[in-house]
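Had a look through this one and jotted down some notes for you. Have the model open while you read.

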Amino acid sequence: MAIRIHKSLLLAVLLAAAPVVQATDLAPFLDYNGDQLFQRFCASCHGKFGYGDGPVAPAIKVLIPDLTQLSKRSGGRFPADRVREIIDGRAVLPAHGTRPMPVWGYELEAQVPEDQPSRAAAQGLIDRLVDYLSSIQR
Ligand code: HEC
């Protein structure tokens, strides 16, 4: 009996630790360009043009930063590495949720290194988002 309980516990732990993202989860978005990805995952808060005025903004207690000012605010150079870390969840922003459960609903970084297709898919989406943000700097 004790062993049976132990096994189901172990299973629960394993399931909880399983990678959330499969390449197939991201499949609907693989053809999206950076703008489309931004509109789909980010504009609800950051606004259509990244100004921080999305429809959800009034409901959020913290100020939503203007994403067209990222370069200006880091001395004129687009902070690509930091932006990438923010999107993939390495840099934790409370308003963005956690890495396995980001507010946009998909973990954009497969946690299992061997899962190459998922990783490549997620990386591709992040690259497009980073490039897009870089392109809207003012
Ligand atoms: C639920 C609302 C929400 C969504 C959705 C959201 N963000 Fe944010 N974002 C915020 C808030 C609020 C901040 C301010 C930082 C904080 O305190 O968490 C922020 C901060 C940032 C920053 C840092 C800006 C700075 O000045 O340092 C970047 C970059 C960013 N978001 C990119 C994105 C991208 C790309 C997406 C889509 C993949 C996205 N965000 C989706 C609310 C959101």
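The points below cover the ligand site and then the cavity.

1. First, a reminder that we're dealing with a predicted model. Keep that in mind when reading the distances.

2. Where does the ligand sit? It sits in the largest pocket. There are 22 residues around the ligand, and the ones that come nearest are Cys42, Cys45, His46, Arg73 and His96.

3. On the polar side, two side chains are worth a click. His46 has a side-chain N or O atom 2.8 Å from a nitrogen atom of the ligand. Arg73 also puts a side-chain N or O atom 2.8 Å away, here from an oxygen atom of the ligand. The backbone joins in at Ala95, where a polar atom is 3.4 Å from a ligand oxygen.

4. By class, the shell around the ligand comes out at 18 nonpolar residues, three polar and one charged.

5. Which helices supply at least two residues each to that shell? They are helix 4 (43-46), helix 5 (70-73) and helix 6 (80-88). Helix 4 gives the most, with three residues.

6. Now for the cavity. The count comes to one cavity of 30 Å³ or more, and the volume of the largest is about 90 Å³. It is lined by 16 residues, with Ile86, Gly89, Thr98, Arg99 and Pro102 closest to its centre.

7. As for the make-up of that cavity's lining, eight residues are nonpolar, four are polar and four are charged. Set that beside the ligand shell, with its 18 nonpolar, three polar and one charged residues.

Key. Residues numbered from 1 in each chain as written. Predicted model: local features only at pLDDT ≥ 70, side-chain atom pairs only at ≥ 80, totals over all residues. Heavy atoms only, no water. 1 Å grid on protein atoms, 1.4 Å probe; cavity = no way out; pocket = protein on both sides within 12 Å on 5 of 7 lines; lining within 4 Å. Points joined across faces, edges and corners; volume = space filled by probe spheres on them. Nonpolar A, V, L, I, M, F, W, Y, C, P; charged D, E, K, R; others polar. Near = heavy atom within 4 Å. Polar contact = N/O pair within 3.5 Å; in protein donor to acceptor, adjacent residues only side chain to side chain. Sits in = over half its atoms within 2 Å of the grid points. Helix = DSSP H or I, 4+ residues; strand = E, 2+ residues; numbered from the N terminus.
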